[in-house]
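Colleague: Could you take a close look at the acidic surface patch and the residues around it in the account, and then say how the cysteines stand?

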Amino acid sequence: MSDCLFCKISAGDVPAEKVHDDGELFAIKDINPTAPVHLLIIPHKHIETIADLEAAHAELIGKVYLTARDIARDEGFDEDGYRVVANCKRDGGQTVFHIHFHLLAGRPMSWPPG
Ligand code: AMP
Ligand code: ZN
């Protein structure tokens, strides 16, 4: 997708602070962090929203959570905890239409979200 921000970051055409890349998923620092740790875990493959997921993506999405677990262990916030969240479409607050998972840590999170 030539006009997709995260496809451009995936291709290296837009710079980002990458903290992980296994060829299927990459993770970058969010440009506008809302917590001391705010990363985005992003599949290289362009999938617009959660609503566009198919059964064939199940392993990929499962890997998102394993990647979050590994990053939390590596960066030392797995003991204190963290939040993984994906926003879907307008009411979910999605602004970039290439599926991604926010990994937030470093402060207590409130519930419910706004
Ligand atoms: P969402 O609102 O769930 O679609 O999340 C999109 C996220 O992408 C927001 O938290 C933005 O701050 C973040 N974002 C937008 N542009 C960039 C960028 N160039 N590099 C890193 N993060 C970005
Ligand atoms: Zn894309």
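Modeller: Burial is graded here by relative accessible area, with buried meaning under 20%, exposed over 50% and partly exposed in between (1.4 Å probe, protein chains only). This is a predicted model, in which local features need pLDDT of at least 70 and side-chain atom pairs count only at pLDDT 80 or more, while totals for chains, interfaces and linings use all residues. Residues are numbered from 1 along each chain as its sequence is written, and side-chain values use heavy atoms, with hydrogens and water left out.

With a relative accessible area of 44%, Glu75 is partly exposed, and its place is in helix α2, which covers residues 58-75 (helices are DSSP runs of H or I with at least four residues, strands runs of E with at least two, numbered from the N terminus). On the surface, Glu75 gathers with Asp74, Asp78, Glu79 and Asp80 in a patch of negative charge; such a patch is made of residues with over 30% relative accessible area and no salt bridge (a side-chain nitrogen of Lys or Arg within 4 Å of a carboxyl oxygen of Asp or Glu), like charges being joined within 9 Å.

In the loop between β3 (37-43) and α2 lies His57, which is buried at a relative accessible area of 10%. The C-alpha atoms of His57 and Ala72, 15 residues apart along the chain, are separated by 23 Å.

As for the cysteines, the structure holds zero disulfides, a disulfide being a pair of cysteine sulfur atoms within 2.5 Å. Cys88 is in none, and the nearest cysteine sulfur, that of Cys4, is 15 Å away. Cys88 counts as partly exposed at 27% relative accessibility, whereas Cys7 is buried at 14%.

Notes
Chains lettered and ligands numbered in written order. Patch = residues over 30% accessible without salt bridge, like charges linked within 9 Å, V, L, I, M, F, W, Y side chains within 5 Å. Areas by Shrake-Rupley, 256 points an atom, 1.4 Å probe, with all protein chains shown as cover. Lys, Arg positive; Asp, Glu negative; His and termini not counted. Charge placed at Lys NZ, Arg CZ, Asp CG, Glu CD.
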